[in-house]
Amino acid sequence: MTPKISVSHLIDIDPLTPADITTILDRAAFFKQALATKTVPQSLTGKVILTLFAENSTRTRNSFEMAVLRLGGSLINWDENISSAKKGESFSDTVRYLGGYQPDAIVMRHHEYNAPHFVAQLVECPVINAGDASREHPTQALLDAFTIREIKGRIEGLAVAIVGDLSHSRVAGSNVALLTKMGAKIHLIGPKDLLPQQVRDGVSVFEKLEDGLKGCDVVMMLRIQKERMDLSAIPNETAYFHEYGLTLEKLAFAKPDAIVMHPGPMNRGVEIADEVADDPTRSMIFKQGANGVPVRMAVLDLLLA
Ligand code: NCD
């Protein structure tokens, strides 16, 4: 019997129970194995998934499309840059027309806060959030958790550092929600101006990289989200790298077996040195990226089953 989760959309992490998260990660492990042995059940046969991307994307969009096709589903894509949005149509009207075509699910990324909640009210199918503004990016947090569990064998009891532009990162928002729910401790590390104003239980805040890395099992690096900031708030890249850029020397402050992650896109030489990004034993960055496919397959399969 196919396992079930308690939600009908995936828009935020908070409504997921720890049991839901475990179900998704277990299902992703199943799909990872099925991909390796070319025995993927074609659970999306006859289903048509609409992708709706109003913001740039490489990994998220392509891994979602790969996931749909691997499960035997079909895709149609709406792309803001070549759409009637350029002729003045409102986003709400666009969604009402596209919803009228009765897609089996919508995967969407949008620059407006809560846009997926708005869309979910206008359509009848599951909505999967592929990132809204600086708020949430739940499938990124799920694939990060999957990667941590795969390498460390567990999430509970680990200390995870998240470093960089925390106030503008939807990846950080979803990761903090998910990892604390699953019993990890979080160290948020960054310049004062890029740290969140409030944090939840299980989260500590550090301004100095070396202090925050102490005792960490996992180090997640983040990009400076220039497109979401007042230009004057952007730190000088050389000074930023000096203080927050992850080098092997800085990584030595974390546990000796600490792994390094990054959601991508990486800005090498700004938040991360080549020697760390390409380190064959410490960097899990490209493995993490590849896990986007089985994790997104699990989400699609569970929401559409
Ligand atoms: C992130 C995003 O778009 O939120 N990338 C991703 O989905 N892998 C992070 C970023 O843009 O820095």
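What is the volume of the largest cavity? About 50 Å³, and the points below place that cavity among the helices and strands you will meet in this predicted model.

1. **The cavities.** Welcome to the structure! Searching the whole of it turns up two cavities of 30 Å³ or more. Around the largest cavity you will find R59, S63, Q140, L143, P263, Q288, G289, G292 and R296. If you prefer to think in helices, α2, α5, α11 (285–290) and α12 each give at least two residues to that lining.

2. **The largest pocket.** The largest pocket holds about 540 Å³ of space. Its lining counts 26 residues, and E55, N56, S57, R109 and R170 are the ones that lie nearest the centre. Both α2 and α6 supply at least two lining residues each, and α2 gives the most, with three. Helix α2 is therefore worth remembering, since it contributes at least two residues to the lining of the largest cavity and three to that of the largest pocket.3. **The sheet.** Turn next to the open sheet, where four parallel-paired strands follow the order β2-β1-β3-β4. The edges belong to β2 (74–79) and β4 (127–132); each has a single partner strand, so one side of each has no neighbour in the sheet. On average, neighbouring strands here are turned by 15° against each other, with direction ignored. Helix α2 (residues 59–70) packs on this sheet and touches β1 (48–53), β2, β3 and β4. The direction of α2 makes about 155° with that of β2.

4. **One strand pair in detail.** For a closer look at the sheet, pick β3 (residues 105–110) and its parallel partner β4, which are joined by four bridges. Within this pair, V107 is the residue standing opposite I128 of β4.

5. **Helix α1.** This helix covers residues 18–36, which makes 19 residues. At 1.5 Å a residue, α1 should span 27 Å, and its end C-alpha atoms are indeed 27 Å apart. Its buried residues are D20, I21, T23, I24, L25, R27, A28, F31 and A34. Several of those numbers sit three or four apart, such as I24 and A28, and there is a simple background to keep in mind. An α-helix has 3.6 residues a turn, so residues three or four places apart point the same way. Which helices help to cover the buried residues of α1? Among the elements doing so are α5 (138–152), α6 (170–181) and α12 (292–304).

6. **Helix α6.** One of the helices covering α1, α6 has twelve residues and reaches 17 Å from its first C-alpha to its last, close to the 16 Å expected. Is α6 largely enclosed or largely open? Ten of its twelve residues are buried, so α6 is largely enclosed by the rest of the structure. The buried set is R170, V171, A172, S174, N175, V176, A177, L178, L179 and T180. R170 also appears among the residues nearest the centre of the largest pocket.

7. **A145, a good residue to click on.** A145 belongs to helix α5. Its relative accessible area is 0%, so it counts as buried. Leaving aside residues up to four places away in sequence, A145 touches L25, I155, L178 and L179. Of these, L25 is a buried residue of α1, while L178 and L179 are buried residues of α6. For a sense of distance, the C-alpha atoms of A145 and D217 are 13 Å apart, with their positions 72 residues apart along the chain.

8. **Two residues with positive phi.** K38 follows α1 and lies in the loop between α1 and β1. Its phi is near 55°, a positive value in a residue other than glycine. A133 is not a glycine either, and its phi is positive at about 45°; this residue lies in the loop between β4 and α5. Which of the two is buried and which is exposed? K38 is exposed, with a relative accessible area of 77%, whereas A133 is buried, with 7%. The cut-offs behind those words are over 50% for exposed and under 20% for buried.

9. **A cis peptide bond.** Finally, have a look at the bond from G264 to P265, which is cis, with omega near -5°. P265 sits in the loop between β9 (259–261) and α10 (274–277).

Methods: Residues numbered from 1 in each chain as written. Predicted model: local features only at pLDDT ≥ 70, side-chain atom pairs only at ≥ 80, totals over all residues. Heavy atoms only, no water. Expected span 1.5 Å × (residues − 1). Buried < 20%, exposed > 50% of the residue type's maximum accessible area, 1.4 Å probe, protein only. Contact = heavy atoms within 4.5 Å. Pairing = 2+ DSSP bridges. Axes fitted to C-alpha atoms, helices over the stretch in contact; angles between N-to-C directions. 1 Å grid on protein atoms, 1.4 Å probe; cavity = no way out; pocket = protein on both sides within 12 Å on 5 of 7 lines; lining within 4 Å. Points joined across faces, edges and corners; volume = space filled by probe spheres on them.
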